[in-house]
Amino acid sequence: MGSVRKASAWLGLVDDNDDERYYDDDYSEGTEQPGDAWVTDPRVKVASDTAEEKGRRIGTVTPDSFRDARAIGELFREGVPVIMNLTAMEAADAKRVVDFAAGLIFGLRGSIDRVSNRVFLLTPADTEIVSQDPAAHRADGFFNQS
């Protein structure tokens, strides 16, 4: 595989069909022994553990159908802000998920904001969204190239 194709596959722009090249015929499921588990150094903190301790997690969910709405609800119930990307869904199912999210934020006193077309941000009650008007940047000449 060429370097451009590898980069495209890594970015998810094309399908990576080279999985067969790395398949090991000797590998079989369930051959691990109980003591063979990979163990990390206890002094090393995994990023997700640190983020969870400090409350700095954001969940992203891209549901395929309404059945995936449960993942959104579970994350939000834990107090995690959730970005819902509904672009891969049918319009009717996407509407059902938005209705579900509206009930969820109402029940848990959160808020919902539209980020772009079919992409929404659900934030818990204790989370503040900071947004700034882009015109404020242009007023001070920072983006003014004329």
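Trainee: What makes β3 and β4 partners, and in which sense do they pair?

Mentor: In this predicted model, β3 and β4 share 5 bridges and run in the antiparallel sense. Two strands count as paired if there are at least two bridges between them, so this pair qualifies. One place to look is Arg-114, which stands opposite Phe-120 in β4.

Trainee: What links β3 to β4?

Mentor: A hairpin, with 2 residues between the strands. Arg-118 sits in that turn and has a positive phi of about 65 degrees.

Trainee: Why is that phi worth pointing out?

Mentor: Because most residues other than glycine have a negative phi. Arg-118 is not a glycine, yet its phi is positive. Arg-109 does this too, with a positive phi of about 60 degrees. You'll find Arg-109 in the loop between α4 and β3.

Trainee: Is Arg-109 called buried or exposed, and what about Arg-118?

Mentor: Arg-109 has 70% relative accessibility, and exposed means over 50%, so Arg-109 counts as exposed. Arg-118 has a relative accessible area of 26%. Buried would need under 20%, so Arg-118 lands in between and is called partly exposed.

Trainee: How do you know which strands are at the edges of the sheet?

Mentor: Read the order: it's an open sheet of 4 strands, β1-β2-β4-β3, with mixed pairing. β1 (59-61) and β3 (111-116) each have a single partner strand, so one side of each is left without a neighbour in the sheet. On average, neighbouring strands here are turned by 20 degrees against each other, direction ignored.

Trainee: What makes the pairing "mixed"?

Mentor: Go through the pairs. β1 and β2 (residues 82-85) pair in the parallel sense over 3 bridges, with Val-61 opposite Met-84 in β2. β2 and β4, on the other hand, are antiparallel, over 4 bridges. There, the bridge partner of Met-84 is Phe-120 in β4.

Trainee: Why is β4 described as covered on both faces?

Mentor: In a regular strand the side chains alternate between the two faces of the sheet. For β4, Val-119, Leu-121 and Thr-123 lie on one side, Phe-120 and Leu-122 on the other, and all are buried. That's 5 of its 5 residues, so "mostly covered" fits, with buried meaning under 20% relative accessible area.

Trainee: What packs on this sheet, and which strands does it touch?

Mentor: Helix α3 does, touching β1, β2 and β4 (119-123). The direction of α3 makes about 165 degrees with that of β2. Anything over 145 counts as roughly antiparallel, so α3 and β2 are roughly antiparallel.

Trainee: Why are α3 and α4 called roughly parallel, then?

Mentor: The axes of α3 (residues 69-77) and α4 (residues 91-107) come within 10 Å and cross at roughly 20 degrees. Angles under 35 degrees count as roughly parallel, so α3 is roughly parallel to α4. Their crossing is right-handed.

Trainee: Which residues meet there, and how do they sort by class?

Mentor: From α3 you have Ala-69, Ile-72, Gly-73 and Phe-76, meeting Val-97, Phe-100, Leu-104 and Ile-105 in α4. By class, that contact has 7 nonpolar, 1 polar and no charged residues. Gly counts as polar, so Gly-73 is the polar one.

Notes. Residues numbered from 1 in each chain as written. Predicted model: local features only at pLDDT ≥ 70, side-chain atom pairs only at ≥ 80, totals over all residues. Heavy atoms only, no water. Axes fitted to C-alpha atoms, helices over the stretch in contact; angles between N-to-C directions. Parallel < 35°, antiparallel > 145°, perpendicular 65-115°, else oblique. Left-handed = near helix turned anticlockwise from the far one by under 90°. Contact = heavy atoms within 4.5 Å. Buried < 20%, exposed > 50% of the residue type's maximum accessible area, 1.4 Å probe, protein only.
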